[in-house]
Amino acid sequence: MDVFIPEGLEEALEIKSRRPDCVPIAGGTDLMVELNFGRRHPGAMMDISRIADLRGVRADDDAIFVGAGVTYTTLIERFASVAAVAGASRTVGSPQIRNRATIGGNLATASPAGDALPVLACLDAEVILGRKGGTRNLPWHAFLTGPKANALDPDELILGVSWRPTSGPSAFSKVGTRNAMVIAVASLCLVLDEARRSVRIAAGSVAPTVIRLPAAEEATRDLLDAADAWDDPDAVLDETKLAEIRGLVQAGVSPIDDHRATAAYRRHTCGVLVERALRWALEERSAGSGA
Amino acid sequence: MQLRLRVNEEVMEADVWEGSSLLHVLREDLHLPGSKNACEQGECGSCSVWLDDELVCSCLVLGAQAQDRAVRTVESLASRTELHPVQEAFVRTGAVQCGFCTPGAVVATVELLLKDPSPSDDAIKEALSGNLCRCTGYAKIIDAVRLAAADLSQARLDG
């Protein structure tokens with residue numbers, strides 16, 4: 001096997017153009033398992049963990065950019081005030097895993113259970129892909145094409161993700177058999193966009209890819225409108241309408257039975273998660289943070 | 001490939017297979033068997049080391065990724081004559097049974113106490129959430145972390 005250790009992004013993209021079979025490795029938390037168990041035998045690999053261009057977080061008024069090589073430990077530190085980002089990152093693995101695992105790796109693996117993915121879906125994130133001589137941006141849903149499948153071309157690298165900041169609270173909620181080291185049985189992200197008075201909801205581990213749930217989003221917005229909850233932090237939410245939202249989420253997902261849970265359990269869980277995430281987001285509002 | 005890295009403050013070189021994990025390199029090529037090989041998938045934490053001062057599972061680092069980098073292993077903690085206070089605390093509380101998870105748990109504890117010298121029980125549990133122990137039921141490991149925290153802060157006061 002050939003191993004490349006590029007110091008910069010240009011060098012890495014050059015290698016990728018010459019050797020499209022070259023498998024990039026950053027945190028290695030998915031890839032090394034495949035290697036250790038002899039399930040994958042790449043002809044070439046390159047260490048992209050030391051490329052500074054992939055490790056940056058930049059924010060201005062219009063957009064936030066997170067490099068593909070940014071770890072969950074860094075996301076927890078840099079997005080402490082964005083509950084959905086920090087919360088989802090904190091549910092990933094263990095301290096050892098969070099120190100290595102990257103947001104780019106989550107996109108590359110493209111598991112329906114990837115913890116960062118419902119958050120990126122809620123933020124309407126774009127995935128930035130680079131090849132020698134150019135970049136292209138894809139909306140998250142165009143990038144994630146199926147279970148463990150994505151739109152990355154063999155000569156491309158994932159450079160990062162970007163999204164437009166929103167003003168308002170958010171929450172991430174996940175169910176698994178432990179609080180640590182667990183692949184989501186079901187997960188859900190909710191973002192309240194106070195400026196546009198809109199609601200975004202995405203779920204993971206309950207469909208072939210992460211999905212948004214537009215019917216539940218509209219119903220939640222209507223619920224908040226009717227209760228005047230956008231302006232009144234103490235507004236009481238209508239229990240009947242909340243039950244309808246749980247039902248819309250449960251109707252919008254298409255889970256399967258597998259060794260981690262049954263489809264029926266996952267469907268039930270999604271209803272619990274949406275109500276939990278909504279309550280957490282509303283409780284957070286007084287803190288006045290924004291995504 | 002020829003791999004050169006700094007391990008426990010000493011520059012080491014070895015001719016390793018390109019697909020080797022850092023754990024394999026440490027144990028088999030550099031003859032440092034303190035980091036244990038158990039799950040090879042990042043689940044158990046028994047291979048925990050520091051890579052450039054960050055706590056990582058060495059089974060999930062490609063050996064080549066450690067080229068020209070600094071690794072610190074459990075072997076760095078004790079001197080020739082004295083255990084590290086965290087190791088001492090594990091012995092005194094009986095936090096060691098079969099001992100297989102101990103190097104990883106000790107390393108994770110040292111890392112925790114570097115960042116948070118007086119951790120709450122919740123902080124201890126979160127810091128050790130990536131280290132599996134199938135013998136102790138964790139209670140004595142948590143006792144060991146509390147004792148080590150107390151010993152180290154006393155040592156700082158005496159310092």
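**Exercise 1. Describe the hairpin formed by β12(A) and β13(A), and the surroundings of β12(A), in this predicted model.**

*Solution.*
Step 1. Begin with the turn. The strands β12(A) and β13(A) form a hairpin with four residues between them. Within this turn, R197(A) has a positive phi of about 50 degrees.

Step 2. Establish the pairing. Seven bridges link β12(A) with strand β13 (residues 198-204) of chain A in the antiparallel sense. As one example, S187(A) has G204(A) of β13(A) as its bridge partner.

Step 3. Turn to β11(A). This strand runs antiparallel to β12(A) and is joined to it by six bridges. Here F172(A) stands opposite C189(A) of β12(A).

Step 4. Consider burial. A residue counts as buried if 20 or more other C-beta atoms lie within 10 Å of its own. By this criterion eight of the eight residues of β12(A) are buried, so the strand is largely enclosed by the rest of the structure.

Step 5. Assign the residues to faces. In a regular strand the side chains alternate between the two faces of the sheet. On one side of β12(A) lie A186(A), L188(A), L190(A) and L192(A), and on the other S187(A), C189(A), V191(A) and D193(A); both faces are covered.

**Exercise 2. Determine whether helix α4 (residues 83-90) of chain A is enclosed or open, and state what covers its buried residues.**

*Solution.*
Step 1. Count the buried residues. Seven of the eight residues of α4(A) are buried, so the helix is largely enclosed by the rest of the structure.

Step 2. Name them. The buried residues are A83(A), A84(A), V85(A), A86(A), G87(A), A88(A) and S89(A).

Step 3. Identify the cover. The elements over these residues include the helices α3 (72-78), α5, α7 (117-122) and α11 (263-284) of chain A, together with the strands β11 (170-175) and β12 (186-193) of chain A.

**Exercise 3. Give the strand order and the edge strands of two open sheets of chain A, one of three strands and one of five.**

*Solution.*
Step 1. Take the three-stranded sheet. Its order is β1-β3-β2 (chain A), with parallel pairing. Because β1 (2-4) and β2 (22-25) of chain A each have a single partner strand, they stand at the edges, and one side of each is left without a neighbour in the sheet. From one strand to the next, the twist averages 25 degrees.

Step 2. Examine one pair of this sheet. β1(A) and β3(A) run parallel and are joined by three bridges. D2(A) has A44(A) in β3(A) as its bridge partner.

Step 3. Take the five-stranded sheet. The order is β4-β5-β10-β6-β7 (chain A), and the pairing is antiparallel. The edges are β4 (57-59) and β7 (134-139) of chain A, each of which pairs on one side only. The twist in this sheet averages 20 degrees from one strand to the next.

Step 4. Examine one pair here as well. Strand β6 (residues 126-131) of chain A pairs with β7(A) over six bridges in the antiparallel sense. E126(A) is placed opposite P139(A) of β7(A).

Step 5. Add the helix. Helix α1 (residues 9-18) of chain A packs on this sheet and touches β6 and β10 (157-163) of chain A. The direction of α1(A) makes about 70 degrees with that of β6(A).

**Exercise 4. Classify the packing of helices α3 (residues 102-115) and α5 (residues 139-158) of chain B.**

*Solution.*
Step 1. State the geometry. The two helices pack at an angle of about 45 degrees, and their axes are 11 Å apart.

Step 2. Classify the angle. That value makes α3(B) oblique to α5(B). The crossing of the two helices is right-handed.

Step 3. List the contact. α3(B) contributes A105(B), T109(B), L112(B) and L113(B), while α5(B) contributes I141(B), V145(B), A148(B), A149(B) and L152(B). These residues divide into eight nonpolar, one polar and no charged.

**Exercise 5. Characterise the contact between chains A and B, and place G45(B).**

*Solution.*
Step 1. Count each side. Chain A gives 23 residues to the contact and chain B gives 24 residues.

Step 2. Look at the side of chain A. The elements giving two or more residues to it are α2 (31-36), β3 (44-47) and α5 (95-98) of chain A. The largest share, four residues, comes from α2(A). The residues of this side comprise 13 nonpolar, eight polar and two charged.

Step 3. Locate G45(B). This residue lies in the loop between α1 (22-29) and β3 (48-51) of chain B. With 29 other C-beta atoms within 10 Å, G45(B) is buried.

Step 4. List its contacts. Leaving aside neighbours within four places in sequence, G45(B) is in contact with S94(A) and Q96(A), and with C57(B), G104(B), A108(B), G130(B), N131(B) and L132(B).

Notes
Residues numbered from 1 in each chain as written. Chains lettered and ligands numbered in written order. Predicted model: local features only at pLDDT ≥ 70, side-chain atom pairs only at ≥ 80, totals over all residues. Axes fitted to C-alpha atoms, helices over the stretch in contact; angles between N-to-C directions. Parallel < 35°, antiparallel > 145°, perpendicular 65-115°, else oblique. Left-handed = near helix turned anticlockwise from the far one by under 90°. Contact = placed C-beta atoms within 7 Å. Nonpolar A, V, L, I, M, F, W, Y, C, P; charged D, E, K, R; others polar. Buried ≥ 20, exposed ≤ 12 C-beta atoms within 10 Å, placed from the backbone. Pairing = 2+ DSSP bridges.
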